[in-house]
Amino acid sequence: MSAIVLLTNPIDSNETARLREHAQVRVASSLDQQVLAKEIRDADVLIVRSPVAAAVLAHADRLRGIVRHGAGVDIVPVAEATARAIPVSNAPGANAVAVAEYVVGQMLLLSRRLHTVDSLLRSDGWGASRVLADGAVELRGKTVGIIGVGAIGQALARLCHHGFGMSVIGYRRDPRKMPDYIRAVPSDDVFRVADFVVLACPLTAETKGMANRRTLGLMKQGASIINVARGAVINQADLVEALAQQNINAALDVFESQPLPEDSPLRTMQNVILSSHIAGITLESMHRISQLSVTQALDLLAGKLPTPLVNPEVTQRALERMEMLQKSF
């Protein structure tokens, strides 16, 4: 029986072709969880780009493993997979350069107001748009503060420090792992000191709602907050209030509810730049992630555990389960 790899969403076409040399490749007909529950029954490997509910795994009788096409595993039911001895792998750092460059792009837009200049030039003319240059500032000499100095945070720090001559401060649970050009500070000091506060951390119990009325209130006049983490790292109601009442700006790629609701007040605010969860998506990053994801899927089909493992505690049970599945099917 030919192995089946189920994709929640399409991946890089060249890597899909490589995968087809070893297995049937199916793209889920719908992201509805009941549909996924039906279609996962025949799958040997699941490659995830959209949320999968824990209940779906109750129907995954022949699943050898789950591959997260990306870094964040909050859309994967890791606890349920672990309980069922299903290994989960991901691709940490594969989109770090893409996200870091996105952040720099937003910093440049915010500091020079280029998005507004373009819009005003088209609507009100040359003179009206040129006036905005009077309030423009340079990145050199400014301070970027990074919450979550992992692969993305360090890629951003290198660009800001070496490329723009910016000061870099950062917060992470283990400050010993930061390069010497990043000054480790408490999280409150990131909000208090930085001209640009960048959220690049995983969503955890500690980071959920980290940007809230109190911490946003610490930000300097004219400072900006950029979120490339997860929407829930910011208390969105508190951010809307801060954007309305304080002299701060924001660039947001992720939101508490996605897609961003049509009636969200963020859509009408002039001091916020919005994008649709695209920071990590480039041709290059998607190829890198797909390449690693396919390699991980092929390892699973060959009876090997992929690396890196999100849930290494399942190692022995997962190997036993895979051996049993190979004998059964």
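**Exercise 1. Burial of Gln236**

Task: In this predicted model, determine whether Gln236 counts as buried or exposed, and state which residues Gln236 touches.

Solution.
1. The relative accessibility of Gln236 is 15%.
2. The cut-off for a buried residue is under 20% relative accessible area.
3. Gln236 therefore counts as buried.
4. In the secondary structure, Gln236 belongs to helix 10, which covers residues 236–245.
5. With residues up to four places away in sequence left out, Gln236 touches Phe255, Glu256, Leu260, Ser264 and Leu266.

**Exercise 2. The sheet and the helix across it**

Task: Establish the strand order of the open sheet, identify its edge strands, and find which strands helix 11 lies across.

Solution.
1. The open sheet has five strands, with parallel pairing and the order 2-1-3-4-5.
2. Strand 2 (24–27) and strand 5 (88–89) each pair on one side only, and are the edge strands.
3. Within the sheet, strand 1 (residues 4–7) runs parallel to strand 3 (residues 45–48), and three bridges join them.
4. Val5 has Val45 of strand 3 as its bridge partner.
5. Helix 11 (residues 283–301) lies across strand 1, strand 3, strand 4 (65–68) and strand 5.
6. Relative to strand 4, helix 11 runs at about 175 degrees.

**Exercise 3. Helix 1 against helix 11**

Task: Classify the relative orientation of helix 1 and helix 11, and describe the contact between these helices by residue class.

Solution.
1. The axes of helix 1 (residues 13–20) and helix 11 come within 9 Å, crossing at roughly 10 degrees.
2. Angles under 35 degrees count as roughly parallel, so helix 1 is roughly parallel to helix 11.
3. The crossing of helix 1 and helix 11 is right-handed.
4. Helix 1 contributes Glu15, Arg18 and Leu19, which meet His287, Ser290, Gln291, Val294, Thr295, Ala297 and Leu298 of helix 11.
5. By class, the contact of helix 1 with helix 11 comprises four nonpolar, four polar and two charged residues.

**Exercise 4. Helix 4 against helix 5**

Task: Classify the relative orientation of helix 4 and helix 5, and list the residues that make their contact.

Solution.
1. Helix 4 (residues 96–112) and helix 5 (residues 114–124) have axes that come within 6 Å and cross at roughly 60 degrees.
2. Helix 4 and helix 5 are therefore oblique to each other.
3. Leu108, Leu109 and Arg112 of helix 4 make the contact with Leu114, His115 and Val117 of helix 5.
4. The residues of the contact of helix 4 with helix 5 divide into four nonpolar, one polar and one charged.

How values were computed: Residues are numbered from 1 along each chain as its sequence is written. This is a predicted model: local features need pLDDT of at least 70, side-chain atom pairs count only at pLDDT 80 or more; totals for chains, interfaces and linings use all residues. Side-chain values use heavy atoms; hydrogens and water are left out. Two strands pair if DSSP finds at least two bridges between them. Helices (H or I, at least four residues) and strands (E, at least two) are DSSP runs, numbered from the N terminus. Contact means heavy atoms within 4.5 Å. Axes are lines fitted to C-alpha atoms, for helices over the stretch in contact, and angles run from 0 to 180 degrees between N-to-C directions. Angles under 35 degrees count as roughly parallel, over 145 as roughly antiparallel, 65 to 115 as roughly perpendicular and the rest as oblique. A crossing is left-handed if the near helix is turned anticlockwise from the far one by less than a right angle, and right-handed if clockwise. Ala, Val, Leu, Ile, Met, Phe, Trp, Tyr, Cys and Pro count as nonpolar, Asp, Glu, Lys and Arg as charged, and the others, Gly among them, as polar. Buried means under 20% relative accessible area, exposed over 50%, partly exposed in between (1.4 Å probe, protein chains only).
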